[in-house]
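Here are some worked exercises to try with a structure viewer open. Have a go at each task before you read its solution.

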Amino acid sequence: MNETKIEHRDVIIIGAGLSGVGAAHHLQEQCPDKSYLILESKDSFGGTWLEHNYPGIRSDSDMYTYGYRFKPWSGKPVAEGSSILKYLGEIISEDGIDQHIRYQHQVVRASWDTTKQNWQLTTARSDTDETLLYSCNFLWMCQGYYRHGEGYTPDFEGMSDFAGQIVHPQTWPEDLDYKNKRVIVVGSGATAATLIPNMAYDCEHITMLQRSPTFIWAAENKNELGNQLRELEVPEEWIHEILRRNALKAGKDFYETTLNDPEAVKKAMIDALKPLLPDGYDMAHFTPRYMPWDQRLLWTPDGDLFKAIRDSRVRMVTDQIERFTEKGILTQSGELLEADLIITATGFHPSRFGDIDFVIDGEAADYSKLFTYRGIMMSGIPNMAQMFGYFRVTYTIRVEIVCDFVCRLLNHLDARGAQSCTATLLEEDKEMHRQPWIQEHEFTPGYVKRAAKLPFPSQGDREPWQYSGDYYQEKDSLPCIDLDEPELIYRDNSGTLLPQKSESKRTG
């Protein structure tokens, strides 16, 4: 393939999901002279919200913080997947982003050439079986955290013995018939708690089989403050910002309370569920082994899961799986749970940078030797940024902070007459202590533990080689970062190093 067939843009964004669409909007707004493309592996936009189509699929965060600051959300706090797709579609249409998306383009290799000061991307086009090449000055990874093509199911003993059907929610068959069937849902997270009340009234019966309980809370799916402000005819943009700030403050206050007195918060959360359940219900099914916010909290809008339990449509079983059998699942306590259909709502496979092969000047990137630069860039990898959100604050909140940082960096490159920026370890940083990208003692869900087994870049023991995960720290520090701090190395379009402009240490 010759050079004339390589299509070039200033910026290429990988992924047309929530973060990719947000990146495109902010790029157009803050760097209007930059040309760009979005390369998306699927046949439409939406990422998670396109891929997942199981019954009841919905957000597990409030839409005032999950939605963007520039696009007011006027619906209910928790939204169904189709509403979120519609929201993203409106952004794409209103901003003309659709003209910049290439669907069914799976990026398989990204190669940086210092002499050319650009990236070359090798893509596999699924609809035509073509291999196409693209190049760009800056690569923006917005591909998400996990592999969309398959969900994570543990290798339970005896799965092949089961006479019925086993389905993972991530690959939900369009024609799946569960009417009047006996169903077991294995799992205790947001997917299980969403599926079950949306299937319960069609099944013969449904069992939620969980290894250990999750912290769940229930509330009406409405926002009284928002409704009051609308009655006062406050502009929707103002309402959105007020509700967004209010949700962030409430989350911060609650998190701080869990740090100060986790046992009291745990008791209060469990006690709050008792009125939603039948008298004398065994609360062991809703009493986690961990403390609040060691894992994500689960919100059931309008308490639909508890209504299904009250209506005797759902049975809770807290036990370990001994093995699958022809008839269903045998638990470690010796009970045989019979089923026609088993749904493994057991999580997903983490993906490292979209499973793309990264090559820097002819050498494969060794992630185990790299450090993260503020959870945005990687040491030694030029002109690349990635989206990585928060665990205890809605994903989109950090997407927008990162968008602001990347756009500021792109404009700074132009202002300096530079072609590339590389986060580079100073001499005194080269022997610093390596720490995991995600600190397991701070956050312990299964997908974090699985991701920890992959060779991800490390955190360091000092700034800027850390990912703080703290919105309230980053919202003030990231906009103030000195883009000429000594850890950021710039080159011109010939690959020649530009002189350092700042001798001082960072200010962020």
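## Exercise 1: two loop residues with unusual phi

Gln104 sits in the loop between strand S3 (101-102) and strand S4 (105-113). The model is a predicted one, in which local features need pLDDT of at least 70 and side-chain atom pairs count only at pLDDT 80 or more, while totals for chains, interfaces and linings use all residues. Residues are numbered from 1 along each chain as its sequence is written, and side-chain values use heavy atoms, with hydrogens and water left out.

**Task.** Find the phi of Gln104, and then of Asn180.

**Solution.**
- Step 1. Start from the background: most residues other than glycine have a negative phi, and most peptide bonds are trans.
- Step 2. Gln104 is not a glycine, yet its phi is positive, at about 55 degrees.
- Step 3. Asn180, in the loop between S8 and S9, also has a positive phi, near 60 degrees. Helices (H or I, at least four residues) and strands (E, at least two) are DSSP runs, numbered from the N terminus.
- Step 4. Now look at accessibility, where buried means under 20% relative accessible area, exposed over 50%, and partly exposed in between (1.4 Å probe, protein chains only). Gln104 has 23% and is partly exposed; Asn180 has 53% and is exposed.

## Exercise 2: a peptide bond

**Task.** Is the peptide bond from Glu463 to Pro464 cis or trans?

**Solution.**
- Step 1. Go to the loop between helix H11 (446-451) and H12, where Pro464 lies.
- Step 2. Read omega for the bond from Glu463 to Pro464: the value is near 0 degrees, and the bond is cis.

## Exercise 3: the surroundings of Leu483

**Task.** Is Leu483 buried or exposed, and which residues does Leu483 touch?

**Solution.**
- Step 1. Locate Leu483 in the loop between helix H12 (471-477) and strand S25 (488-491).
- Step 2. Leu483 counts as buried because its relative accessibility is 4%.
- Step 3. List the contacts (heavy atoms within 4.5 Å). Leaving aside residues up to four places away in sequence, Leu483 touches Phe405, Arg408, Leu409, His412, Leu488 and Tyr490.
- Step 4. For a C-alpha distance, take Lys501: 18 residues from Leu483 along the chain, with 9.6 Å between the two C-alpha atoms.

## Exercise 4: a pair of helices

**Task.** Describe how H1 and H4 pack.

**Solution.**
- Step 1. Two packed helices are described by the angle between their axes and the distance between the axes. Axes are lines fitted to C-alpha atoms, for helices over the stretch in contact, and angles run from 0 to 180 degrees between N-to-C directions.
- Step 2. For helix H1 (residues 18-30) and helix H4 (residues 81-95), the angle is about 25 degrees and the axes are 11 Å apart.
- Step 3. H1 and H4 are therefore roughly parallel (angles under 35 degrees).
- Step 4. Leu18, Val21, His25 and Gln28 of H1 meet Leu88, Ile91, Ile92 and Asp95 of H4.
- Step 5. Sort these residues by type: five are nonpolar, two polar and one charged. Here Ala, Val, Leu, Ile, Met, Phe, Trp, Tyr, Cys and Pro count as nonpolar, Asp, Glu, Lys and Arg as charged, and the others, Gly among them, as polar.

## Exercise 5: a sheet and the helix on it

**Task.** In what order do the strands of the five-stranded open sheet run, and what covers the buried residues of H5?

**Solution.**
- Step 1. Two strands pair if DSSP finds at least two bridges between them. The order is S8-S17-S9-S10-S13, with parallel pairing.
- Step 2. Strand S8 (165-167) and S13 are at the edges with a single partner strand each, so one side of each has no neighbour in the sheet.
- Step 3. S8 and S17 are joined by three bridges, and Ile166 stands opposite Ile342 in S17.
- Step 4. H5 packs on this sheet, touching S9, S10, S13 and S17, and its direction makes about 165 degrees with that of S10.
- Step 5. In helix H5 (residues 190-199), seven of the 10 residues are buried: Ala192, Ala193, Thr194, Leu195, Ile196, Pro197 and Met199.
- Step 6. Their cover includes strand S12 (298-301) and helix H9 (304-310), along with S9, S10, S13 and S17.

Technical notes
Angles under 35 degrees count as roughly parallel, over 145 as roughly antiparallel, 65 to 115 as roughly perpendicular and the rest as oblique.
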